[in-house]
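Biologist: I am new to this one, and I would love a friendly tour. Could you put it on the screen and let me ask questions?

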Amino acid sequence: TLHATGPRATLERGYAIVMAGTGRALRDAAETAPGASLDVRLWRGSLAATVTSTTPETPDRAQPRRKPG
């Protein structure tokens with residue numbers, strides 16, 4: 001069902017949504033930098049966090065991207 005795959009269901013399973021100061025969800029460590037403020041949304045509540053370091057993904061650690069559809 002749609003509920004089982006929605007954002008709230010994902011949070012309930014223990015995942016978090018990390019958002020930049022712009023309010024956009026982050027998908028890549030390269031989208032932020034040390035010193036940046038982040039909002040971490042959890043199933044119950046949220047956290048304010050500050051980036052202390054980033055580690056970009058290297059090609060050998062990259063996951064294959066899913067094709068849309």
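Biologist: Which residue in E2 is the bridge partner of Met-19?

Modeller: A quick note: this is a predicted model, where local features need pLDDT of at least 70, side-chain atom pairs count only at pLDDT 80 or more, and totals for chains, interfaces and linings use all residues. Residues are numbered from 1 along each chain as its sequence is written, and side-chain values use heavy atoms, leaving out hydrogens and water. Strand E1 (residues 17–19) and E2 run antiparallel, joined by 3 bridges; strands are DSSP runs of at least two E residues, numbered from the N terminus, and two of them pair if DSSP finds at least two bridges between them. In E2, Met-19 has as its partner Asp-39.

Biologist: Which residues of strand E2 point to one face and are buried?

Modeller: In a regular strand the side chains alternate between the two faces of the sheet. E2 (residues 37–41) shows this alternation, with Ser-37, Asp-39 and Arg-41 on the face that is not buried. Buried means under 20% relative accessible area, with a 1.4 Å probe and protein chains only. Pointing to the other face, and buried, are Leu-38 and Val-40.

Biologist: What is the bridge partner of Val-40 in E3?

Modeller: E2 and strand E3 (residues 46–50) run antiparallel, with 5 bridges between them. They form a hairpin with 4 residues in between, and Gly-45 in the turn has a positive phi of about 95°. The E3 partner of Val-40 is Leu-47.

Biologist: In what order do the elements of the protein chain run?

Modeller: There are 2 helices and 3 strands in the protein chain; helices are DSSP runs of at least four H or I residues. From the N terminus on, the order is α-α-β-β-β.

Terms used:
Buried means under 20% relative accessible area, exposed over 50%, partly exposed in between (1.4 Å probe, protein chains only).
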